[in-house]
Amino acid sequence: MRGRLWPILLAALGLPLPQVAHAWTDSRVETVRADVHLHPDASANIDLAVHVRVRGGWLEGLEIAGLDPNLQDPSVEFRSENGERFRPTLTQREGRIYLRFQRRSSPRRGRYIATLHYRSDLAAGAQPSDDRVRVSWTLPGWQAGLDGVEIAIHAPIGSRFPEVSDHLATIERTTETQDGKQVLRWRRAHLPRTLPWTVAVDAPREALEGFTEAQRLARGPAQPPARAVALHVVRGAFGPPVGAVLLGLFAWLAVFFFRRAAQLRRATPRPWIPLPFALRTILITLLTTVAATLAYLGSSWICIGLLTLVILLAGQRRAERRAPGLGRWRPVTQADLAAARRPTKRALPWADGTTAVGSLVWLTGAVVLAGVHGADVESSPFTAWLWAMLPLPLWCATRHRLPLAPEARLAAVVRLASQLRAPVSPAIALTLHEGADGQWHDARIRLITVTRPPGLLRLDIALGDDDVAYGVLLTREHSEGEKQAASFTDAEALRGPGGRVVRVVSIHEALALALRFRPPRKKARKVTRQQGRNRHRLRPPAAPLH
């Protein structure tokens, strides 16, 4: 079930899949014309004119594959049929030429001619005989069928067509002398899709004085005719949009799992941008979709600004533990201690970059981004920014911004109780606050005084949200306990409803206060002889605080 949710989530976050990008451009190659200028050493300068028609959208780029594997010094001229010139970026990789246009200056609807110039060595496929050398050149196959394809080889004077002809298709062949060269032309009415076309000339051996048999053998065997599809519409670099989607996905996971972990700890999340959970998830989804689209179109800085806002939406301050509601304080039982010893469920590690699981999630995303970036036609420096920003959503909502779970809080209170040491220590008891729902929310150490003045309601040691222990002194206003508390400690008195007064003190001061509280002094009165005999009898201790 989880495996089926990933494609749905990626689609919701706006992943620009190739099928979606394909709808933006409707273009095809109508015909191709090639001019091969043969040199005495059997190398050649090749001019390949590709006639492209854009019928809708804009042309993002072209991929011409199946070219000569040893092509050198490629360059391109791209112009419209009206003479308007464009400046695409050219990338060469393993016999492939990639042309890519900027979004703002890409060709729109109309007809265009892309003329590719490069140098190639045809000596490896040359076949020498007694007085001639047969030199061949192959036009690769194309994605769609082409009409009116022409190839012209500009060879030395005296060159001629081979006796072997292509009888599978009607081919027009003409020859003429032009600028001291023998120009041999082939014209084919239709070239089927993905079918390469090889042509050859028999040139006089003395005219190729730079070509030798040893040179041909040194350059290795001839390459087989290329059958790769020679035109693809380049969809642009997918690294930036995929990186934007991964960052938005991490932000969404951080918001979701932090909220779930806070609920398990009975705490309230406090995001950097105080918006409701539903609104933040919707904004993260929308901003990620827009950022991925802009990254695909090349608007890098606007994309970085939107992703920064996504990170701010995912950021969390320390969650606030909810105050216990109506309920009661009760002693800790063995079942409670057993629950505290069991490991608590944590819903955050998947989206917490400081844990091993969260680090693995981040590294997986980084590897995916690296793989997509490596497969791109053209490397984008914007991907480096995304690599740096990718772990930020997993670092701004970590477990360190969450309070302890109730079970973990009881375990921490038990450890603290075992560490309490003083020259004269009061008796202690572990208590839990149980809410009206039957679940306990807080754990404390109750200090038991030997005697208790009226108005002393509670003297506990508690753990704060930052896991720092402190003492809580609760008295009733205008009582004997309140008077003694005011005389024993300088802690600020916080007055609450019902005439209650709360003071927060340190642990050591709480332990000292537990030993210093005493009942009020009674006025001296006349006693009888029998009362005098009983004066030195031990008085029973006061009941422990509840």
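A crossing of two helices is left-handed if the near helix is turned anticlockwise from the far one by less than a right angle. The exercises below use a predicted model.

**Exercise 1. Describe how α4 and α6 pack: what are the axis distance, the crossing angle and the handedness?**

Step 1. Two packed helices are described by the angle between their axes and the distance between the axes.

Step 2. Locate the helices. α4 covers residues 239–264, and α6 covers residues 300–314.

Step 3. Their axes come within 9 Å and cross at roughly 15 degrees. Angles under 35 degrees count as roughly parallel, so α4 is roughly parallel to α6.

Step 4. Apply the opening definition. The crossing of α4 and α6 is left-handed.

Step 5. List the contact residues. α4 supplies Ala 244, Leu 247, Gly 248, Ala 251 and Val 255. α6 supplies Cys 303, Leu 307, Val 310, Ile 311, Leu 313 and Ala 314.

Step 6. Sort them by class. The contact has 10 nonpolar residues, one polar and no charged. Gly counts as polar.

**Exercise 2. Lay out the seven-stranded open sheet: what is the strand order, and which strands are at the edges?**

Step 1. Write the order: β18-β19-β20-β21-β22-β24-β23. The pairing is antiparallel.

Step 2. Find the strands that pair on one side only. These are β18 (327–331) and β23 (493–495), the edge strands.

Step 3. Add the twist. From one strand to the next, it averages 30 degrees.

Step 4. Zoom in on β23. Three bridges join β23 to β24, residues 500–505, and the two run antiparallel. Within this pair, Ala 493 stands opposite Arg 503 of β24.

Step 5. Place the helix. α12 (residues 480–488) lies across β21 (456–463), β22 (469–476), β23 and β24. α12 runs at about 135 degrees to β22.

**Exercise 3. Examine Thr 383: is this residue buried or exposed, and what does Thr 383 contact?**

Step 1. Place the residue. Thr 383 sits in helix α9, residues 382–389.

Step 2. Read the accessibility. The relative value for Thr 383 is 0%. The cut-off for buried is under 20%, so Thr 383 counts as buried.

Step 3. Set aside neighbours within four places in sequence. Thr 383 is then in contact with Gly 239, Pro 240, Leu 369 and His 373. α4 spans residues 239–264, which puts Gly 239 and Pro 240 in α4.

**Exercise 4. Summarise the whole protein: how many helices and strands are there, and what share of residues is buried?**

Step 1. Count the elements: 14 helices and 24 strands.

Step 2. Take the burial. Of 546 residues, 44% count as buried.

Step 3. Check the contact range. Among contacts with a separation of 6 or more, 74% come from residues 24 or more positions apart.

Note on methods:
Residues are numbered from 1 along each chain as its sequence is written. This is a predicted model: local features need pLDDT of at least 70, side-chain atom pairs count only at pLDDT 80 or more; totals for chains, interfaces and linings use all residues. Side-chain values use heavy atoms; hydrogens and water are left out. Two strands pair if DSSP finds at least two bridges between them. Helices (H or I, at least four residues) and strands (E, at least two) are DSSP runs, numbered from the N terminus. Axes are lines fitted to C-alpha atoms, for helices over the stretch in contact, and angles run from 0 to 180 degrees between N-to-C directions. Contact means heavy atoms within 4.5 Å. Angles under 35 degrees count as roughly parallel, over 145 as roughly antiparallel, 65 to 115 as roughly perpendicular and the rest as oblique. Buried means under 20% relative accessible area, exposed over 50%, partly exposed in between (1.4 Å probe, protein chains only).
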